[in-house]
Amino acid sequence: MKTGLYPHLALNGIKKNKRLYLPYILTCAGMVMMAYIVSYLAHGEALTLVIGGEIMKTCLLLGLAVIGVFSLLFLFYTNSFLIRRRKKEFGLYNILGMGKVNLARVLIWESFIVSVISILGGLFCGILFSKLAELLMLNILQLETSFSLSISFNSIGYTVVLFAVIFFLILLNTLKQITVSKPIELLRSENAGEKPPKANWVMALAGVVIMAVAYYIAISIEEPMEAILWFFVAVVLVIIATYLLFIAGSVALCKLLQKNKNYYYKTNHFVSVSSMLFRMKRNGAGLASICILCTMVLVMVSSTVCLYMGAEDSLRKRYPRNIYSDVTVSEIADLNSDSLNIIEDMALQIVEDNGEKAEHILNYNFAVFNGVYENGKVITSKTESFSYQTLVFFVSLDDYNRITGNTETLSEGEVLVNTTKNLQIDANSIEIEGGKTFVIRKEIDKFLDTSIDVMNMSPSIYLVTDQIEEAVSPMMNLTGYKGNRLVKFHHVYGFDLFCSDEKQVEIFNTFTDKMQDIKIEEVNTPKWECAAFESTEFYELYGSLFFLGILLGIVFVFAAVLIIYYKQISEGYEDQSRFDIMQKVGMNKKEIKKSINSQVLTVFFMPLLVSAIHLGFAFPMIYKMLMLFAINDLAFLIYVTLGCFAVFTLFYIIVYKITSKAYYSIVSGAKE
């Protein structure tokens, strides 16, 4: 047999099956493109020249690993659609005299052609769009860059090696399937599994139980730290339960539809339900994959969009003023030290010397300690239990009224209460172990966002009291689990500057230089913070997560679309003979179209519906995790999530229209 025959047969096979191969090649090229772009950004010079660039690099390298693993699993999965369709063709070649070795050579050439086109096409698009991705990334991070196209040969090498290995492993799997099968098995491969499966109620019950456990975990977690620890457990359980329920539940659904005579014995339902039942085990697995991918996209995109859109608000919470200082003092009497006044007067003088004016001056004191809140009591002897610890702040009534503009009054032993991170006070009083018991006069809206509370993963309790010193006096001798004094005293001072960020950083640097020379015994050296100076690194973190979420969201959307497409195409070819018979016995094309719509609508929107349910149950856990990033506006998160779901649903409907049209053109005998 001539050597040139094998590449000719391979190329001819790809051309004849272009409906199957073209989307596969485009998706492979898209995966290659995404891998190159992420590698280019992770190893490029753009991030080495900016403050906090290492954060972005870490996120991108994590995303690169995810893309690599996902590409391997996903391309293996989608390649199975191709091979299943081609087995009949290879079986025919085998019967006509072409041996398994010859078939293997054809497959090797096909794999080589597909991999070369995919890798070269993906690298070309990756290089072409890499600078655009870099500009987009730096724009998200609010940074500037020059426009100069560059090529990363290290990233090219990594991408080529990664996908060469993936395509080689896929080839080995394909060769195994073809070479071990008998010719008659290859010819009948498309009709394999025609016996309708029985409903596996044990599997369905296991899926229900596992899903219930996952949902319970999602809605029962109260602490943000616990949400992080249990999130991945819940994700794994949801994935397992989704596959079990779709595989077992879809069979049960079809059988229930068959028992409903009013539904089943109709032209547009009879054929669709019957054909679905014959392949429901594989169909269920495909639907479960689509559902999980949809859920991943919705969770990832909605949470990262919420993070990025709420970044400015989070920055303000972390730094309540443009220039901000939180000083720790040794004794409560030091809160009124003249040294603090000297430092603050010096700060105002520096601002004035730079031709600016301090606005919205913030000046107050507080005492803070750790404890564990349980049933109306703060237990100070359990501070080693990090997962459940609570920060308790004492703020004076005078400071509260002055800052908020209120005119609240308190009787002896009364406090005003405010909590953060969804902590609920479930009593009319609050007892401090080793301290006093206070009567809660009322709960108030938030007082102020303190940097300590924002940076802490645990919830906080703010107690507004008439006198801080009297409130904490019984606790002065208490120690924490490391032996340090439990109660600490802080003095907060800050102000806003209505000038450019560059000017604010310049003033801040002057503070830093002059404050280094100040040594006061009763006051720790003040650590001044500047929101404009820290914003670059702040946006690095939020922007990195947002950018990575968008990239991975695109990858998962590609995967979901391709699975949907192949599911429709492969089932179209399987149903073609059935609908051909139905047309011969009197079923017209209008009735065929109704039957197709019935089948597609029955299963196509099921993954979207279930993914919406998954998202709903995951929402409380996502909200608690976002609290760790100072995103605690529940209404804002709901609007963002609903908006992302609406956009994704619109996209899903468009995909439905396209794929159902392709399915109809196959089963109705329309020309391609």
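A residue counts as buried when its relative accessible area is under 20%. In this predicted model, 53% of the 672 residues of the protein chain count as buried. The accessible surface of the protein chain comes to about 31500 Å². Carbon and sulfur atoms hold 61% of that surface.

**Overall fold**

The protein chain has 21 helices and ten strands. Contacts reach far along the sequence. Take those between residues at least 6 apart: 83% of them join residues at least 24 apart.

**Salt bridges**

Side chains of opposite charge can pair when their charged atoms come close. A search of the whole structure finds four salt bridges. Three of them, including their N to O distances, are set out here.

| Acidic residue | Basic residue | N to O distance |
|---|---|---|
| Glu431 | Lys377 | 4.0 Å |
| Asp399 | Arg402 | 2.7 Å |
| Glu408 | Arg441 | 3.9 Å |

Start with the salt bridge between Glu431 and Lys377. Glu431 sits in strand E6 (residues 429–432) and Lys377 in strand E3 (residues 377–379), so the pair ties together parts that are 54 residues apart in sequence. Glu431 is partly exposed, at 34% relative accessible area. Lys377 is also partly exposed, at 28%.

The salt bridge between Asp399 and Arg402 lies within one helix. Both residues belong to helix H14 (residues 397–404). They are three residues apart, so about one helical turn separates them. Is Asp399 buried or exposed? Asp399 counts as buried, because its relative accessibility of 12% falls under the 20% cut-off. Arg402 is partly exposed, with a relative accessible area of 46%.

Glu408 and Arg441 also meet through their side chains in a salt bridge. This pair links distant parts of the chain, 33 residues apart. Glu408 lies in the loop between H14 and strand E5 (414–419). Arg441 lies in strand E7 (residues 437–443). Which residues join this pair in a network? Salt bridges with shared partners connect Glu408, Arg441 and Lys442 into one network. Glu408 counts as buried, since its relative accessibility is 16% and the limit is 20%. Arg441 is partly exposed, with a relative accessible area of 40%.

**Around Glu433**

Glu433 lies in the loop between E6 and E7. Its relative accessible area is 24%, so Glu433 is partly exposed. Which residues does Glu433 touch, leaving aside those up to four places away in sequence? They are Lys377, Val378, Ile379, Thr380, Ser381 and Leu478. Thr380 is 53 residues from Glu433 along the chain, yet their C-alpha atoms are separated by 5.8 Å. Lys377, another of the residues that Glu433 touches, is the salt-bridge partner of Glu431.

**A negative patch**

Which residues form the negative surface patch? Asp398, Glu412, Asp466, Glu469 and Glu470 make it up. Residues with a salt bridge are left out of such patches, and each member needs over 30% relative accessible area. Glu470 lies in helix H16 (residues 468–472). Why does Glu470 count as exposed? The cut-off for exposed is over 50%, and Glu470 has a relative accessibility of 52%, so Glu470 counts as exposed.

How values were computed:
Residues numbered from 1 in each chain as written. Predicted model: local features only at pLDDT ≥ 70, side-chain atom pairs only at ≥ 80, totals over all residues. Heavy atoms only, no water. Patch = residues over 30% accessible without salt bridge, like charges linked within 9 Å, V, L, I, M, F, W, Y side chains within 5 Å. Areas by Shrake-Rupley, 256 points an atom, 1.4 Å probe, with all protein chains shown as cover. Lys, Arg positive; Asp, Glu negative; His and termini not counted. Charge placed at Lys NZ, Arg CZ, Asp CG, Glu CD. Helix = DSSP H or I, 4+ residues; strand = E, 2+ residues; numbered from the N terminus. Buried < 20%, exposed > 50% of the residue type's maximum accessible area, 1.4 Å probe, protein only. Contact = heavy atoms within 4.5 Å.
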